[in-house]
Amino acid sequence: SGGHNGLKSIERALGSQDYPRIKVGIGHPVHEEQAVISHVLHPFRGEDKETIDKVLAKAADAVEAWVKGARIC
């Protein structure tokens, strides 16, 4: 779950950590934990917005391929 409460809830409901998921990294702005929290919760801007749009398109393609039976690693 990596500390993510939503994923912890899914794992409790399933009784397992074995389920498909797509992970997207956030990078790390500065070294303070509070800065990372702010970074994660802040809207995407500029170059980050362009990057996330591309990443989400690739993630959507991966989900579609997985639903159609492809093995995604």
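Leaving aside neighbours within four places in sequence, Leu 7 is in contact with Ser 1 and Tyr 19, in what is a predicted model. The place of Leu 7 is in helix H1, and its relative accessibility of 25% makes it partly exposed, because buried is reserved for values under 20% and exposed for values over 50%. Leu 7 can also be related to Gln 17: the two stand ten residues apart in sequence, while their C-alpha atoms are 8.9 Å apart in space.

Glu 11 belongs to helix H1 as well, the helix that covers residues 5-14. With a relative accessible area of 10%, Glu 11 is buried, since that value falls under the 20% limit. When residues up to four places away in sequence are not counted, Glu 11 touches Ser 1, Ser 16, Gln 17, Tyr 19 and Arg 21. Ser 1 and Tyr 19, which are named here among the contacts of Glu 11, are also the residues given for Leu 7 under its own count.

Tyr 19 takes part in a polar contact, in which its side chain is joined to that of Glu 11 at 3.1 Å. The ring of Tyr 19 has a further partner, for Arg 21 lies over its face, at 4.1 Å from the ring centre. Arg 21 in turn appears among the residues that Glu 11 touches, and in this way Glu 11, Tyr 19 and Arg 21 can be read together. As for pairs between aromatic rings, the count for this model comes to zero.

The distances named so far are set side by side here.

| Residues | What is given | Value |
|---|---|---|
| Leu 7 and Gln 17 | C-alpha to C-alpha | 8.9 Å |
| Glu 11 and Tyr 19 | polar contact of side chains | 3.1 Å |
| Arg 21 and Tyr 19 | distance from the ring centre | 4.1 Å |

Turning to the chain as a whole, the protein has three helices and zero strands, so that its elements, taken from the N terminus on, run α-α-α. Helix H3, made up of residues 46-67, has 22 residues and reaches 32 Å from its first C-alpha to its last, which is close to the 32 Å expected at 1.5 Å a residue. Just after H3 comes Gly 69, which takes a positive phi of about 110°.

Of the 73 residues of the protein, 7% count as buried, and Glu 11 is buried. The accessible surface of the protein comes to about 6,400 Å², and 56% of this surface belongs to carbon and sulfur atoms.

Definitions and conventions. Residues are numbered from 1 along each chain as its sequence is written. This is a predicted model: local features need pLDDT of at least 70, side-chain atom pairs count only at pLDDT 80 or more; totals for chains, interfaces and linings use all residues. Side-chain values use heavy atoms; hydrogens and water are left out. Rings of Phe, Tyr and Trp (its six-membered ring) pair if their centres lie within 6.5 Å; planes under 30 degrees apart count as stacked, over 60 as edge-to-face and the rest as tilted. A charge sits over a ring if NZ of Lys or CZ of Arg is within 6 Å of the ring centre and within 35 degrees of the ring normal. Helices (H or I, at least four residues) and strands (E, at least two) are DSSP runs, numbered from the N terminus. Buried means under 20% relative accessible area, exposed over 50%, partly exposed in between (1.4 Å probe, protein chains only). A polar contact is a pair of N or O atoms within 3.5 Å; within protein, one must be able to donate a hydrogen and the other to accept it, and residues adjacent in sequence count only if both atoms are side-chain atoms. Contact means heavy atoms within 4.5 Å. Accessible areas come from the Shrake-Rupley method with a 1.4 Å probe; for residues, only the protein chains shown count as cover. The expected span of a helix is 1.5 Å times one less than its number of residues.
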